[in-house]
Amino acid sequence: MPDGGDPPLAGPAPIEVTDSHQATVGGATVRRALPRRGRRTVGAWCFADHFGPAAVTENAGMDVGPHPHMGLHTVTWLVEGQLLHRDSLGSEQVIRPGQLNLMTAGAGIAHAEEATGQHLGTLQGIQLWVAQPDAVRFGSAAFEHHGALPQVEVDGGVATVLIGELGGARSTARADTPLIGAELLLRSSTTVPLQAGFEHALVVLDGAVAVDGQPLVPGRVGVLGLGRDEVVLDVRERARVMLLGGEPFESPILMWWNYVARSREEIDAAHASWSQQDDRFGRVRSRLPLIPAAPPFWQAASGE
Ligand code: MN
């Protein structure tokens, strides 16, 4: 902030708050905070689905069969419950609350997310995607599991750092571009340090906060533009908030189904590979059936 004597400056723009979009994934309703109209990315974060809380029973859980990805990282974070990740690299990993699964798609990978059969109760979490930059988006696929993550005390609560650095705590999780991803568990109001060169999104998973006088609750998303070096979270009730941010992404992206690309041709090629089950995305050992993709709308429109 300017010291006394400088002319008054217009501060950073106030938070933009909008409703998440309701969608259905694997039979469950999700609150899709990103992408949103007019805001495809926040840093390299390009997708955010808050799922649950939903009951897991013997007959109903979150079972998402094998499906492909390219050009992105998937970031899985649970609040309650557990999931089993399997992918075409041969990874098999149970994830529990407080742990991070980070899968890098590069040129192509396939994975499935299954109920573990061990957990009956409630499932809640957030599935995030991070767009990969040109330098690595056609690179190798990879998978990381982080069983424990750095935490840092902040006024009013504790922050767990999934990706990047906050308050001196740094995650070792892979980041292809400058990013922050953190969970803030807050009992009372707090000021969170931000990097002024990042744009940020706030997604409330539980509870209620307010920023710039605007309420944020589950099902809404707040976006903060560049130029903020902190944000004051006015905690109305005990809250769990995801802070997602990063440097503005290098280029516009094209997202279709599970792919992040730059052109329709790239997506056409991925669609052909998944439809034909050639070797590009590999095979996932899963009891669940493969998820088929409808053709991209531009193929249907041209009668192909
Ligand atoms: Mn996926």
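The following exercises, each with a worked solution, concern a predicted model of a protein chain.

**Exercise 1. Overall dimensions**

Determine how the radius of gyration of the chain stands against that of a compact globule with 304 residues.

Solution. Step 1: for a chain of 304 residues, the value for a compact globule would be near 19 Å. Step 2: the chain has a radius of gyration of 19 Å, which agrees with that expectation. Step 3: along the principal axes, the C-alpha atoms fill a box of roughly 65 × 45 × 35 Å. Step 4: burial can be added to this picture, since 53% of the 304 residues count as buried. Step 5: the accessible surface comes to about 13,300 Å², and carbon and sulfur atoms account for 50% of that area.

**Exercise 2. Secondary structure and contacts**

State how many helices and strands the chain contains, and what share of its contacts joins residues at least 24 apart.

Solution. Step 1: the chain holds 2 helices and 24 strands. Step 2: consider the contacts between residues at least 6 apart in sequence; of these, 72% join residues at least 24 apart.

**Exercise 3. The manganese site**

Identify the protein donors of the manganese ion and describe their spacing in sequence.

Solution. Step 1: the donor atoms are NE2 of His-67, NE2 of His-69 and NE2 of His-111, at 2.1 to 2.2 Å from the ion. Step 2: the spacing of these donor residues is H-x1-H-x41-H. Step 3: His-67 belongs to strand β5 (residues 64-69) and His-111 to strand β10 (residues 109-114), so that distant parts of the chain, 44 residues apart, are linked by this pair. Step 4: both His-67 and His-111 are buried.

**Exercise 4. Strand β14 and its partners**

Establish why strand β14 (residues 157-163) is described as largely enclosed, and which strands pair with it.

Solution. Step 1: 7 of the 7 residues of β14 are buried, and the strand is therefore largely enclosed by the rest of the structure. Step 2: strand β13 (residues 151-154) runs antiparallel to β14 and is joined to it by 4 bridges. Within this pairing, Gln-151 has Thr-160 of β14 as its bridge partner. Step 3: the hairpin of β13 and β14 has 2 residues between the strands, and Gly-156 there adopts a positive phi near 85°. Step 4: β14 is also joined, by 6 bridges, to strand β17 (residues 179-186), again in an antiparallel arrangement. Thr-160 has Glu-183 of β17 as its bridge partner.

**Exercise 5. The two faces of strand β18**

For strand β18 (residues 190-193), determine which side chains are buried and which are not.

Solution. Step 1: the side chains alternate along the strand. Step 2: Thr-190 and Val-192 point to one face and are buried. Step 3: Thr-191 and Pro-193 point to the other face and are not buried. Step 4: β18 pairs with strand β22 (residues 230-246) in the antiparallel sense over 4 bridges. Thr-190 is matched in β22 by its bridge partner, Leu-233.

**Exercise 6. The nonpolar cores**

Name the residues that touch the most other members of the largest nonpolar core.

Solution. Step 1: this core has 35 residues, and those with the most contacts to other members are Trp-45, Val-75, Ile-126, Leu-162, Ile-163 and Val-203. Step 2: strand β11 (residues 121-131) supplies the largest share of this core, 5 residues. Step 3: a second, separate core has 27 residues, including Leu-184, Phe-198, Val-204 and Val-241. Step 4: beyond its neighbours within four places in sequence, Trp-45 is in contact with several residues, among them Leu-34, Val-75, Leu-128, Ile-163 and Leu-244. As a general background, nonpolar side chains in soluble globular proteins tend to be buried together.

**Exercise 7. Backbone exceptions**

Locate the cis peptide bonds that precede Pro-35 and Pro-53, and the positive phi values of Trp-257 and Gln-277.

Solution. Step 1: recall that most peptide bonds are trans and that most residues other than glycine have a negative phi. Step 2: the bond between Leu-34 and Pro-35 is cis, with omega about -10°; Pro-35 lies in the loop between β3 (28-34) and β4 (45-56). Step 3: the bond between Gly-52 and Pro-53 is cis, with omega about 0°; Pro-53 lies in strand β4. Step 4: Trp-257 has a positive phi near 50° and occupies the loop between β23 (254-256) and β24 (259-261). With a relative accessible area of 27%, Trp-257 is partly exposed. Step 5: Gln-277 has a positive phi of about 50° and is found in the loop between α1 (264-276) and α2 (297-301).

Note on methods. Residues numbered from 1 in each chain as written. Predicted model: local features only at pLDDT ≥ 70, side-chain atom pairs only at ≥ 80, totals over all residues. Heavy atoms only, no water. Donors = N, O, S within 2.8 Å, 3.2 Å for Na, K, Ca; no water. Buried < 20%, exposed > 50% of the residue type's maximum accessible area, 1.4 Å probe, protein only. Pairing = 2+ DSSP bridges. Core = buried A, V, L, I, M, F, W, Y, C linked by side-chain atoms within 4.5 Å. Contact = heavy atoms within 4.5 Å. Rg over C-alpha atoms; globule rule 2.2 N^0.38 Å. Areas by Shrake-Rupley, 256 points an atom, 1.4 Å probe, with all protein chains shown as cover.
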